[in-house]
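I opened my notebook to look at how the copies meet and how a helix pair packs. Here is the model I worked from.

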4 protein chains.
Amino acid sequence: MATRIRLGMVGGGNDAFIGGVHRIAARIDGEFDLVAGALSSTPEKAKASGAVLGLAPDRTYGDFREMAIRENRIKDGIQAVSIVTPNHVHYPAAREFLKRGIHVICDKPLTSNLPDARKLVKIAEESGALFVLTHNYTGYPMVRQAREMVAAGDLGELRVVQVEYAQDWLSTAVETTGTNKQSEWRTDPERTGAGGSTGDIGTHAFNLASFVTGLEVESLSADLDSFVEGRRVDDNGHVMLRYTGGVKGMLWCSQVAVGNENALKLRVYGTKGGLEWAQEDPNYLWYTPFGEPKRLLTRSGAGAGDVANRVSRTPGGHPEGYLEGFANIYAEAARAIRAKEAGEDIPADVVFPNVQDGLKGVAFVDACVRSSARDAAWVKLAL
Amino acid sequence: MATRIRLGMVGGGNDAFIGGVHRIAARIDGEFDLVAGALSSTPEKAKASGAVLGLAPDRTYGDFREMAIRENRIKDGIQAVSIVTPNHVHYPAAREFLKRGIHVICDKPLTSNLPDARKLVKIAEESGALFVLTHNYTGYPMVRQAREMVAAGDLGELRVVQVEYAQDWLSTAVETTGTNKQSEWRTDPERTGAGGSTGDIGTHAFNLASFVTGLEVESLSADLDSFVEGRRVDDNGHVMLRYTGGVKGMLWCSQVAVGNENALKLRVYGTKGGLEWAQEDPNYLWYTPFGEPKRLLTRSGAGAGDVANRVSRTPGGHPEGYLEGFANIYAEAARAIRAKEAGEDIPADVVFPNVQDGLKGVAFVDACVRSSARDAAWVKLAL
Amino acid sequence: MATRIRLGMVGGGNDAFIGGVHRIAARIDGEFDLVAGALSSTPEKAKASGAVLGLAPDRTYGDFREMAIRENRIKDGIQAVSIVTPNHVHYPAAREFLKRGIHVICDKPLTSNLPDARKLVKIAEESGALFVLTHNYTGYPMVRQAREMVAAGDLGELRVVQVEYAQDWLSTAVETTGTNKQSEWRTDPERTGAGGSTGDIGTHAFNLASFVTGLEVESLSADLDSFVEGRRVDDNGHVMLRYTGGVKGMLWCSQVAVGNENALKLRVYGTKGGLEWAQEDPNYLWYTPFGEPKRLLTRSGAGAGDVANRVSRTPGGHPEGYLEGFANIYAEAARAIRAKEAGEDIPADVVFPNVQDGLKGVAFVDACVRSSARDAAWVKLAL
Amino acid sequence: MATRIRLGMVGGGNDAFIGGVHRIAARIDGEFDLVAGALSSTPEKAKASGAVLGLAPDRTYGDFREMAIRENRIKDGIQAVSIVTPNHVHYPAAREFLKRGIHVICDKPLTSNLPDARKLVKIAEESGALFVLTHNYTGYPMVRQAREMVAAGDLGELRVVQVEYAQDWLSTAVETTGTNKQSEWRTDPERTGAGGSTGDIGTHAFNLASFVTGLEVESLSADLDSFVEGRRVDDNGHVMLRYTGGVKGMLWCSQVAVGNENALKLRVYGTKGGLEWAQEDPNYLWYTPFGEPKRLLTRSGAGAGDVANRVSRTPGGHPEGYLEGFANIYAEAARAIRAKEAGEDIPADVVFPNVQDGLKGVAFVDACVRSSARDAAWVKLAL
């Protein structure tokens with residue numbers, strides 16, 4: 001095992017769910033060492049959080065720009081940075097690191113608005129550094145398996161895509177209670193962007209469907225709602241999709257669907273077969289060849305192929321979960337970073353969502369908001 | 001037990017799946033005796049089928065009109081008739097019986113077109129006879145349970161409805177093979193109506209959602225497809241629904257979703273709870289009060305109330321299925337017929353889909369077809 | 001369709017769960033007409049029940065012997081009788097009909113004790129009449145499918161059988177409350193026999209395993225308990241089984257397993273594959289060929305063969321349940337009776353549990369009780 | 001976060017499934033740093049494996065004794081060691097570290113035979129060091145939840161325990177093919193011990209049942225088999241259990257149950273309720289209070305309490321798996337080690353299987369083997 005990649009983190013202080021997830025994901029395979037951080041926009045909190053995480057005081061920064069500048073100068077400065085802030089900070093933070101050649105691993109959605117997304121694409125493409133977007137659900141082995149099967153033609157020509165992502169944690173106006181920081185920024189259009197559920201989870205659903213099918217959306221029709229009184233962003237979205245080649249899709253995202261924890265589910269149907277995968281039971285992939293019994297493919301078990309097995313750590317029946325799927329994005333990033341730093345080509349089998357995928361996600365949110373404002377008119381993604 | 005109700009049947013000869021279902025449904029509770037039939041539009045087949053079913057030769061008719069006339073005249077003629085023909089015959093057949101005061105139990109959709117549906121409503125309302133539409137899924141005990149819970153406010157104010165009905169038996173152009181009669185008329189616009197999957201199964205999904213929630217659709221936006229080359233009606237429909245009171249819904253119907261046999265599924269979400277029911281596992285109803293664990297209510301078991309138990313025949317854990325659910329429609333019809341014939345009011349707890357529900361179903365298909373033709377514009381039901 | 005078979009019933013008056021089930025099962029396929037009954041051991045109740053069921057007063061008997069004698073004499077007397085009494089009445093009642101050549105359809109277990117069972121075998125074998133035992137779970141299409149697959153060698157050589165039947169309705173001393181007739185006789189050794197859960201449901205589990213595998217038990221070791229204070233028969237049984245050919249099994253039956261309604265489940269493992277079937281979800285059969293993904297075979301759907309399809313009434317995805325499975329026993333009985341009465345051989349594909357299967361069941365209970373009394377010593381079935 | 005605990009490893013070189021698992025488990029929470037290893041019994045392999053893992057050459061040992069001696073002497077030597085060898089090495093290896101005060105985290109079963117187990121108990125008790133046995137399934141949050149609920153009396157007085165652990169990877173004589181190292185030592189009585197499936201997985205099942213219920217086995221009756229020809233240890237075990245207080249249990253372990261990957265499942269029934277947990281779907285716990293609907297408790301979701309939540313990392317609906325459960329054992333070990341090294345009491349809520357649990361497991365295997373040799377006679381555990 002080569003030396004660990006030196007990693008910094010922007011955001012992810014106390015109260016920050018996703019920061020902890022990124023840290024575990026970075027640790028699982030032993031490929032990264034977290035050595036620096038600008039963990040909060042409040043310098044005091046940033047320091048306190050750094051201490052809790054065992055960062056050296058001189059690498060605990062009060063500001064991401066300061067961190068980018070200094071880490072770029074010092075010997076053994078960070079090679080990569082994880083950006084796990086609220087959405088509106090993704091762009092300014094990523095910019096600082098990318099332009100200094102520091103690889104960026106950024107949480108989704110790419111940015112809180114489309115102009116930022118476009119600028120970030122440009123910056124990323126001009127940078128020598130990598131940009132990895134943590135649409136983490138693409139890291140699940142059985143999602144990779146599904147993608148491989150679609151690509152191999154096991155489903156024949158695709159016809160229908162059904163994707164949904166349902167939660168219930170925003171069923172009440174929890175953002176007004178002062179007890180739930182997550183809900184505050186995730187329902188604040190300044191920080192989260194113009195889309196609520198569409199941005200927070202709809203982008204995952206949209207990305208997952210694209211990742212597995214390889215299809216691009218031509219246009220969509222969206223009917224968004226804010227069911228909770230006073231909520232400033234959508235908390236439920238109904239979307240009809242028209243993909244290239246005449247494939248049709250439906251996408252449902254909701255954060256007010258009582259009884260759903262984190263129910264991301266994808267179903268794909270083609271002329272020759274169907275697939276079904278659900279995030280809450282991620283070690284299984286249902287596959288039905290037309291006219292034959294349903295088959296339950298299992299991670300690292302019967303029916304799982306090389307592509308899935310490469311990103312599995314344990315044998316079938318030993319369930320892997322959210323953190324392992326997330327860690328696969330980090331593991332892929334590590335492989336890409338090592339290749340890059342060695343001046344080699346990134347191996348062809350390295351797969352991770354990138355800045356272009358991020359742009360599509362932000363364009364998806366933008367299109368949903370535009371369509372819904374026009375009574376669910378068909379709109380194109382403004383790519 | 002009172003004397004059995006004398007029943008006739010129109011359609012339901014050989015090769016007719018749904019005729020056999022109606023006959024079993026009529027027999028299960030011992031409330032009906034099938035004594036007459038015009039079982040095929042081909043007189044010869046009608047006779048042969050009558051013989052197989054043990055009907056007396058003089059009550060085996062070659063024509064439904066002839067049957068209506070004669071049965072109306074003879075002593076101990078039929079009291080009710082089941083109409084189980086292709087859709088386009090529903091209207092002319094039902095008319096003959098209704099105007100002679102013979103109760104009609106008719107398969108769905110009500111008619112193959114909206115004008116017929118409107119006329120039938122008028123005839124039914126002017127007739128002294130009952131009109132029962134076999135949206136059989138409303139007969140399932142746990143569907144009744146769901147309806148009762150929504151009505152009782154267990155879900156709070158409703159917000160979102162997700163309903164889908166997926167099959168795969170029309171994934172190929174089976175209607176061109178000459179081997180599948182069902183597929184022939186069900187894909188022939190002359191016989192089935194302008195909607196394919198929307199009419200054949202979408203109406204069930206639409207009706208189920210309405211039945212459980214008590215909501216009316218204000219407008220809908222539909223994107224219909226005929227994926228199989230040469231098919232003359234839709235085989236996949238994506239529909240966004242706007243219900244009264246701001247409730248939003250999505251409806252998916254498909255007969256090309258490979259891997260789905262008869263996957264009708266309803267999910268309803270309100271401010272206080274959620275419900276989920278799936279036709280293929282009909283003895284279960286998932287109920288989640290907000291913030292509490294999911295509960296698995298079981299037919300005749302814990303969590304099932306009087307409304308469900310009244311239409312159950314066996315204790316929890318002894319699964320009932322499609323035929324028992326269907327039989328519940330017949331059992332309700334029997335109660336209504338007995339009351340009617342005794343000159344009494346129909347008991348308040350008798351529940352069955354009626355001609356108005358049928359009209360709504362046909363209007364749903366009509367609206368889907370109109371909307372889809374206008375690029376999924378929002379349209380109202382033409383009631 | 002030929003004329004319906006004239007059926008009588010012994011037992012099955014008010015409060016009798018299983019009587020109603022037999023009546024529906026006899027009706028579903030239109031093969032039987034219930035025309036006579038001795039529906040209760042109390043003549044008054046017998047009359048009242050007969051009236052409710054619409055039996056003619058002169059064919060409503062106060063006593064099964066009287067019924068057997070008279071029905072045997074009259075023109076168009078019953079051709080078959082269903083015996084649905086508490087267990088201890090099975091023998092004396094069956095005897096009266098068998099010796100008069102009237103076919104018997106009898107609920108399980110065969111008798112309440114082994115001597116009666118042996119005598120009944122002899123009487124049945126000497127009678128020209130048929131004896132059908134309603135181990136109704138053998139009527140499920142997917143159970144037939146499983147049996148066929150084992151016989152065809154799809155599982156290779158069998159190794160392990162796991163069968164269980166768990167309920168919870170006797171978790172408390174409900175038999176002492178005066179509110180539950182079922183529990184009273186089913187926990188009374190005089191009426192139910194020496195085994196409680198072993199007799200009531202263990203025999204079903206035992207029979208199901210034998211039916212599917214074709215194996216005979218060589219010896220068993222049983223540890224029985226009466227967990228509810230004061231209960232006079234076992235309410236939980238743990239049994240290890242040794243089948244012919246070195247196959248090993250475990251059987252668990254319980255009526256105090258809280259959370260279980262009617263959880264009969266069978267798993268069979270051989271060198272080449274495994275099978276799993278659960279009564280509460282009877283339309284599915286899991287099949288795993290070694291080294292391949294699990295396959296979900298569905299009734300009338302993909303993977304179901306002729307043997308299962310012959311006893312199915314509806315297409316895949318239209319669930320059948322307990323009553324249809326039960327009705328299949330009646331349908332098989334009807335075929336056998338019609339052949340018999342026509343002087344023909346019973347068709348080779350007619351399958352139903354018979355008096356020998358019943359004897360094995362009673363011997364199973366007897367062996368469990370003997371083994372448990374000797375500290376779970378291995379004992380042989382006293383066949 | 002305090003400095004990481006310095007960890008060594010014995011065993012776990014190439015081809016060693018469980019070594020990799022321990023390493024990930026040690027990394028997930030960032031509590032340990034692997035700094036030394038005697039990774040193979042072949043010195044050459046040990047070196048190569050050390051290099052792959054990035055260990056310093058001078059801390060890559062060819063022998064565990066050498067490692068124990070040197071690490072005990074050097075500054076910043078290891079504080080704890082993970083022993084992940086075949087079973088027969090557990091005792092000699094653990095002894096070397098324990099007697100030098102180095103904490104031991106040891107894979108299960110404790111030892112390959114009962115005398116070793118007894119000696120190890122004595123050594124561990126005399127040592128100042130901790131002994132942690134990785135019955136990792138006790139680390140799953142919902143297993144902790146189940147245990148808490150039993151202890152809190154939610155199930156009332158316990159009556160019945162059903163536990164099983166089924167796999168199929170030894171369905172053929174894979175140990176003779178030269179391609180599967182795991183199977184070689186796990187079927188070799190010299191290395192694995194007298195029990196095959198009983199030792200390898202039966203001990204897990206046995207431990208899990210005890211962990212959740214708090215019950216001790218008084219005696220057991222076991223019927224073991226080696227179904228695969230030539231196999232020298234059992235590959236299927238049927239066991240009846242008698243727990244203290246009259247509770248009865250059944251345990252099934254099998255490595256030839258085709259279609260099962262790693263199907264460990266526990267069901268517990270008491271007077272007031274029942275629980276069900278399955279390792280392959282570990283984020284769920286079914287709970288049924290008597291007479292109420294089943295409830296699906298979810299990890300970090302509704303129904304999960306503090307005890308479960310403390311050992312969870314992600315919110316409900318974000319599945320955790322085998323590695324996180326395993327990591328919980330390491331996290332508990334870390335807390336205990338830190339307390340110990342700080343001279344403090346181990347916090348009362350730290351929970352991990354210890355050497356006494358290990359002894360019970362080995363005694364369980366010993367009892368199974370003795371019982372089976374005596375035709376499944378009841379035997380006591382030789383504790």
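My entries on the chains and on one helix pair follow.

**Ground rules.** I am reading a predicted model, where local features need pLDDT of at least 70, side-chain atom pairs count only at pLDDT 80 or more, and totals for chains, interfaces and linings use all residues. Residues are numbered from 1 along each chain as its sequence is written, while chains are lettered from A and ligands numbered from 1 in the order in which they are written.

**Symmetry.** I superposed chain A on chain B (least squares on C-alpha atoms of residues with pLDDT of at least 70 in both) and found a rotation of 180° with 0.0 Å of shift along its axis, RMSD 0.0 Å. That is how a two-fold axis relates copies.

**Interface.** I found 31 residues of chain A in contact with 31 of chain B (contact: C-beta atoms, placed from the backbone, within 7 Å). Strand 9 of chain A gives the largest share of chain A's side, four residues (strands are DSSP E runs of at least two residues, helices H or I runs of at least four, numbered from the N terminus). Because 100% of the interface residues of chain A are also interface residues in chain B, the copies meet through the same surface.

**Helix pair.** In chain B, I looked up helix 9 (residues 197-213) and helix 12 (residues 355-373): they pack at about 120°, axes 9 Å apart (axes are lines fitted to C-alpha atoms over the stretch in contact; angles run from 0 to 180 degrees between N-to-C directions). Among the residues meeting there, I noted F206(B) from helix 9 and F364(B) from helix 12.

How values were computed. Contact = placed C-beta atoms within 7 Å.
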